[in-house]
Amino acid sequence: MGESGSSGRANVALHPDDRHEEHAHSAIPYVVVWIVLLVFTALTYLTGKQHLGAWALFIALAIACLKSALVALIFMHLKDSSGMTRLVFGTSLVFVGILLFFTVADVATRFRPATPAGAPFGTERSQPEGLLEHELPE
Amino acid sequence: MSPEAASLPEGILAHHFASLERQNEAMPLGMWLFLATEILLFAGLFTGYSVYRFEFPLAFAECSRHLNLTAGTVNTIVLITSSFTVALSIHFARIDQRRAAVVCLALTILFALGFLGIKAIEYTAHFHERALPGKYYAFEEVKVPGAAMFYTLYFLMTGLHGLHVLVGMSVLTWLLWRTNQGRYSSRYYTGLELGGLYWHLVDLVWIFLYPLLYLI
């Protein structure tokens with residue numbers, strides 16, 4: 001750690017991620033990530049308000065995944081973590097994927113009597129044009 | 001015990017670790033294992049959400065538009081900024097600027113309080129509109145099948161998240177106390193870092209909750 005030069009303990013690697021750092025620890029990446037996260041939030045807000053139909057969910061989730069990746073890699077220091085730590089995080093994501101994929105795949109391939117009471121079915125699920133226009137804010 | 005560990009404040013190196021370096025490898029790993037279980041806990045709710053949003057797409061869209069979008073957006077900005085300040089506090093601790101680290105932690109706790117305050121205003125509005133979960137649902141403006149399910153999931157997801165905000169706030173308050181005592185510095189800051197990891201997880205969950213609840 002470079003900042004310990006004055007105290008003469010520069011070469012004592014007390015932290016796992018110190019081995020990667022030859023220079024003084026900088027706060028600049030945090031500031032950059034913070035600004036990028038705010039820009040992404042604005043983007044989520046603006047695209048979300050457009051109600052882009054089938055694309056809306058995809059765009060919202062893509063932005064959320066990008067934001068999460070930034071938080072995990074920079075704020076949570078996953079970028080500088082040991083391989084073991086990354087494996088733990090990666091494994092949890094794989095299991096979230098399995099849970100979501102197979103559950104939604106099950107629900108999406110059901111026949112009508114197996115859906116909840118009052119639930120629309122098949123083509124009824126898609127949103128007719130302009131149905132919700134009166135509900136839009138302002 | 002290595003000489004550098006011997007000069008650390010009392011009680012930092014646990015007796016079952018051979019060296020501080022090994023402890024500093026093990027502690028984040030343990031924390032990430034815990035965070036993995038937290039991710040899977042929330043994943044259960046997100047899966048329930050996916051199922052009912054798939055079954056009732058129109059009801060979910062209509063209910064979503066009755067939520068307070070401004071409050072949700074402000075809360076997103078508040079939580080992202082609090083994640084930033086907690087990252088800064090760890091940064092300041094590891095360059096031995098204790099005062100700045102304490103200030104950043106205090107700011108984070110204030111943001112957390114602000115988040116809960118805004119959430120409380122939203123909850124109050126839901127209670128007045130009787131937009132409540134399950135059989136208590138009696139919201140006049142949305143009377144379609146599936147609307148009660150949206151509010152059930154909304155309260156479960158934001159409620160569990162709010163509980164995590166409360167726990168995170170308590171952890172951060174404790175860490176503020178310890179940082180102020182000078183426990184965390186360039187020599188040792190893993191404890192502070194683990195508290196930060198928990199807080200970032202709270203932010204991560206909200207990053208997904210915001211578009212999925214407020215912007216359908």
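Hi everyone, this short talk is about how two chains meet in a predicted model, and about a nonpolar core.

First, some housekeeping. Residues are numbered from 1 along each chain as its sequence is written, and chains are lettered from A in the order in which they are written. Local features need pLDDT of at least 70, side-chain atom pairs count only at pLDDT 80 or more, totals for chains, interfaces and linings use all residues, and side-chain values use heavy atoms, with hydrogens and water left out.

So, how many residues does each chain bring to the contact? Chain A gives 66 residues and chain B gives 61, where contact means heavy atoms within 4.5 Å. Together the two chains bury about 5900 Å², 73% of it on carbon and sulfur atoms; that is accessible area (1.4 Å probe) lost on being put together, summed over both.

What about salt bridges across this interface? The rule, a side-chain nitrogen of Lys or Arg within 4 Å of a carboxyl oxygen of Asp or Glu, finds 0. On chain A, the elements giving two or more residues to the side that touches chain B are helices H1 (28-50), H2 (54-75) and H3 (83-108); helices here are DSSP runs (H or I, at least four residues), numbered from the N terminus. H3(A) has the largest share, 13 residues.

Now the largest nonpolar core, which has 91 residues. Such a core joins buried Ala, Val, Leu, Ile, Met, Phe, Trp, Tyr and Cys residues through side-chain atoms within 4.5 Å, with buried meaning under 20% relative accessible area (1.4 Å probe, protein chains only). Phe150(B), Tyr151(B) and Tyr214(B) have the most contacts inside this core, and helix H7 (residues 190-214) of chain B gives its largest share, 16 residues.

Note on methods:
Buried < 20%, exposed > 50% of the residue type's maximum accessible area, 1.4 Å probe, protein only.
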